[in-house]
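Here is a short tour of one protein model, written for someone who likes to look at side chains as well as folds. Have the viewer open and follow along.

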Amino acid sequence: MSFSSLPFSSHLGSSPLPHALVPYGWDAGWAAEFAPYAERGLVPGRVVRVDRGQCDVVTADGIVRADTEFVTPRDPLKVVCTGDWAAVDPDGGDPRYVQAYLPRRSSFVRSTSSKRSEGQILAANVDHSIIAVSLAAELDLGRIERFLALGWESGGQPVVVLTKADLVPDAATLAHLVEDVGTAAPGVQVLPVSAAAGEGVDVLAAVVSGGTSVLLGQSGAGKSTLANALAGDDVMEVQAIRDVDGKGRHTTTTRNLLLLPGGGVLIDTPGLRGVGLWDAETGVGQVFSEIEDLAEECRFHDCAHTAEPGCAVLAAVEDGTLPERRLDSYRKLIRENQRIVAKTDARLRAELRREWRLRGAEGRAAMEAKRGRVR
């Protein structure tokens, strides 16, 4: 079956497209990338869920269940992920397999909590990173900055959503909280939203209507309630939150891609207890852009902004234009990112050495076998 003969065809530019996939983000660029797989008779689709070595893929004919055996490499960053565009076996195979996925335009990656310093991909091909922060608990600006660094690094546009805004009935107090978060999120839209009361949901829906959004945050941040409000249906289970600390259990246990009625798609994710950076130097620089700009005015190009003479960053702290908390957070994330990059480089070097040793052993065995044949 050729790509052009798929049902529900329409045209965008000069490339034939499966009409049913356009709402999921399919475009002429993806069509061009898929062309070699179309010649092999494979079917395009978007991964909406991955679990237990299989995944659900939405195709022009609906959702199919497919095995991921051929897209499960040793590198955890290269496994198939929710949001990927996949090449799937045509109907008739049992089981059907995901044979490959298209090169990602963007991806949201964090470091795992393991000592192996591996990255974990949470969502692929995202345009917006929605960072849900509950107003039922005290704001942690440092955590927000951490999420933002990963959001910028992913290649998508971050958006901070202050959920449960109905718990802050005083308008002046709410405005003050939005302003506080805004100082930690330069260049990022900060939206107070009450999904329960339906306030602010329409504004957020308009923001995310033009692409793929990934919904991130801690357990208890109200992500599932927010996902239901955006989807216009109770598609995600909602659990009660403990009154003691405002935290909740993991309602979402897998990453699910949902089609939104107002346009766009949403990838909901489990609550994240730990948010480790993963090679996010550019993202950190974007979050702390005012510090990066000040650093350009320092006397020394390698200024560490600790005690150097002529440091424009320290001068800004002293005159009050730069909050000391921001500088402390910047230093912390820079140090953490440098550590994870160094560990990753060391792990890659060790793996390379093991590979060379293995190849050497295989080469020696081949030579011994050849000598045996000659004798």
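## Cysteines without a bridge

Before anything else, please keep in mind that this is a predicted model. A natural place to begin at the bench is with the cysteines. Cysteine 303 is buried, having a relative accessible area of 10%. How many disulfides does the structure hold? The count is zero. For cysteine 303, the nearest cysteine sulfur belongs to cysteine 311 and lies 3.7 Å away. A disulfide needs the two sulfur atoms within 2.5 Å, so cysteine 303 is in no disulfide.

Cysteine 55 is worth a look too. Its relative accessibility is 0%, so cysteine 55 counts as buried.

## A histidine in a loop

Now turn to histidine 305, which sits in the loop between α7 (289-295) and α8 (312-318). Is this histidine buried or exposed? With a relative accessible area of 8%, histidine 305 is buried.

Its surroundings are easy to display. Setting aside neighbours within four places in sequence, histidine 305 is in contact with two cysteines, Cys298 and Cys311, and with Ala295, Val313, Leu314, Leu327, Tyr330 and Arg331. Cys311 also appeared above, as the residue carrying the cysteine sulfur nearest to that of cysteine 303.

## The six-stranded sheet

Strands of a sheet pair through backbone hydrogen bonds, in either a parallel or an antiparallel way. Here, six strands make an open sheet with mixed pairing, and their order is β12-β11-β10-β13-β15-β14. The edges are taken by β12 (189-192) and β14; each has a single partner strand, so one side of each has no neighbour in the sheet. On average, neighbouring strands of this sheet are turned by 25° against each other, direction ignored.

Within the sheet, β13 and β15 run parallel and are joined by four bridges. To find your place, look for leucine 215, which stands opposite aspartate 268 in β15.

## Helix α5 on the sheet

Helix α5 packs on this sheet, where it touches β10, β11, β13, β14 and β15. The direction of α5 makes about 165° with that of β15.

How many of the nine residues of α5 (223-231) are buried? Seven are, so the helix is mostly covered. The buried residues are Lys223, Ser224, Leu226, Ala227, Asn228, Leu230 and Ala231. Among the elements that these buried residues pack against are the helix α4 (201-208) and the strands β10 (128-134) and β11 (157-163). Just after α5 comes glycine 232, with a positive phi near 75°.

Terms used: Residues numbered from 1 in each chain as written. Predicted model: local features only at pLDDT ≥ 70, side-chain atom pairs only at ≥ 80, totals over all residues. Heavy atoms only, no water. Buried < 20%, exposed > 50% of the residue type's maximum accessible area, 1.4 Å probe, protein only. Helix = DSSP H or I, 4+ residues; strand = E, 2+ residues; numbered from the N terminus. Contact = heavy atoms within 4.5 Å. Pairing = 2+ DSSP bridges. Axes fitted to C-alpha atoms, helices over the stretch in contact; angles between N-to-C directions.
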